[in-house]
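Biologist: Could you walk me through this model one step at a time, beginning with what lies around the ligand?

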Amino acid sequence: MPRQDGTVAIVTGGGRGIGYEVVRHLARLGAHVIIGGRDELEGLAAIRRICDEYKEAKVEFKKLDLASLHSVRQFAQNFKERKLPLNILVNNAGVMLVPEGRTVDGFERHFGVNYLGHFLLTWLLLDTLKGSGKCGSISRVVNVSSSAHCIGEIRLDDLNSCQHYSAHAAYCRSKLAQLLFSRQLHQEMQRGGFPVSSCAVDPGMVDTALYCHLWTPLRLAQSVVACVLFRTPAEGAATVLSAALSPNPDGDCGGGYWANGCREMSTPPTSEPQLQLSLWEISIQLLSLH
Ligand SMILES: NC(=O)c1ccc[n+]([C@@H]2O[C@H](COP(=O)([O-])OP(=O)(O)OC[C@H]3O[C@@H](n4cnc5c(N)ncnc54)[C@H](OP(=O)(O)O)[C@@H]3O)[C@@H](O)[C@H]2O)c1
């Protein structure tokens, strides 16, 4: 992959798992990477490991809790005050199968952390992304979704799972929402002629701490199966990195859905313009954005 000297990237949840491998690789290529995460000790330990490996690595940790809109706003404001460019935003952080609960602002946790927190973060950083992209070197928003989006269902009248809660359904819904957001954002940027693309990625089944909330017997079975069948975090990061770094062939405006290292088709609901637009507009209302 091409050198990334001069590139500035933000990776949410980059202290461990897939995100850590994305940060490590970007730093190795010369990018200045900012990890946005909740756990400062984990973030600093990640930086130490990367700097031990690559002496020149430029990696920072900044506090970001996607379950708090205030924290997201604070993170974005602090970043913007530094007047740095932003070339790559990787919306990677996520939770899966967590027990029913609410974010600080009262949103169902999968929906709030995986989707709405990232929506707000991207929205607040959009001007910087637009200003940092150039023809031939567009800024990129990479949303780490999942193949689980295929069985997700968006119920616009119950995005917060108030009527019925299933952790599995809530996770799949949040991943479908990320895909719809990614498509709508990409179109908005294309229509406005802005040098920003947005895509969604499925990293595959990867052996990480994401599975820690599985029901215990399933968790035990998963840990055995994962050793043999799951990808390593570095392998999972490969598709994310391809989406973030692969040069666009002439006339190709990027975007789309990436899986197994290349662009793939996604399920029909993700291409429904009305659903994309409705979710976009409801999210703007929920976040009181204009
Ligand atoms: N592993 C898989 O098989 C798989 C498959 C498809 C998609 N994915 C997606 O890949 C992404 C990365 O997952 P992973 O497998 O690498 O899992 P992971 O190791 O559990 O990493 C998740 C990261 O998200 C962070 N995070 C969670 N809640 C947060 C919050 N409120 N604010 C900020 N950061 C938060 C975690 O940090 P904390 O220490 O703060 O919790 C952690 O750094 C997720 O979006 C996941 O849905 C994974």
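Biologist: In this predicted model, which class of residue is the most numerous in the shell around the ligand?
Modeller: The shell around the ligand is made of 31 residues, and those closest to the ligand are Gly13, Gly17, Ala93, Gly94 and Thr208. Sorted by class, there are six charged and eleven polar residues, while the remaining class, with 14 residues, is nonpolar.

Biologist: Which helix gives the most residues to that shell?
Modeller: Two helices, spanning 109–132 and 17–28, each supply at least two residues of the shell around the ligand. The one that gives the most, with three residues, is H1.

Biologist: Is Glu21 buried or exposed?
Modeller: Glu21 lies in helix H1, and, leaving aside residues up to four places away in sequence, Glu21 touches Pro233, Ala234 and Ala237. A residue counts as buried if 20 or more other C-beta atoms lie within 10 Å of its own. Because Glu21 has 24 other C-beta atoms within 10 Å, Glu21 is buried.

Biologist: How is H5 oriented relative to H8?
Modeller: Helix H5, residues 167–192, packs with helix H8, residues 273–286, at an angle of about 95 degrees, and their axes are 9 Å apart. Angles of 65 to 115 degrees count as roughly perpendicular. Therefore H5 is, with respect to H8, roughly perpendicular.

Biologist: How many nonpolar residues does the contact of H5 with H8 have?
Modeller: On the H5 side the contact includes Leu180 and Phe181, and on the H8 side it includes Leu279 and Trp280. Besides one charged and two polar residues, the contact of H5 with H8 has nonpolar residues numbering seven.

Key
Residues numbered from 1 in each chain as written. Predicted model: local features only at pLDDT ≥ 70, side-chain atom pairs only at ≥ 80, totals over all residues. Near = placed C-beta within 6 Å. Helix = DSSP H or I, 4+ residues; strand = E, 2+ residues; numbered from the N terminus. Nonpolar A, V, L, I, M, F, W, Y, C, P; charged D, E, K, R; others polar. Axes fitted to C-alpha atoms, helices over the stretch in contact; angles between N-to-C directions. Parallel < 35°, antiparallel > 145°, perpendicular 65-115°, else oblique. Contact = placed C-beta atoms within 7 Å. Buried ≥ 20, exposed ≤ 12 C-beta atoms within 10 Å, placed from the backbone.
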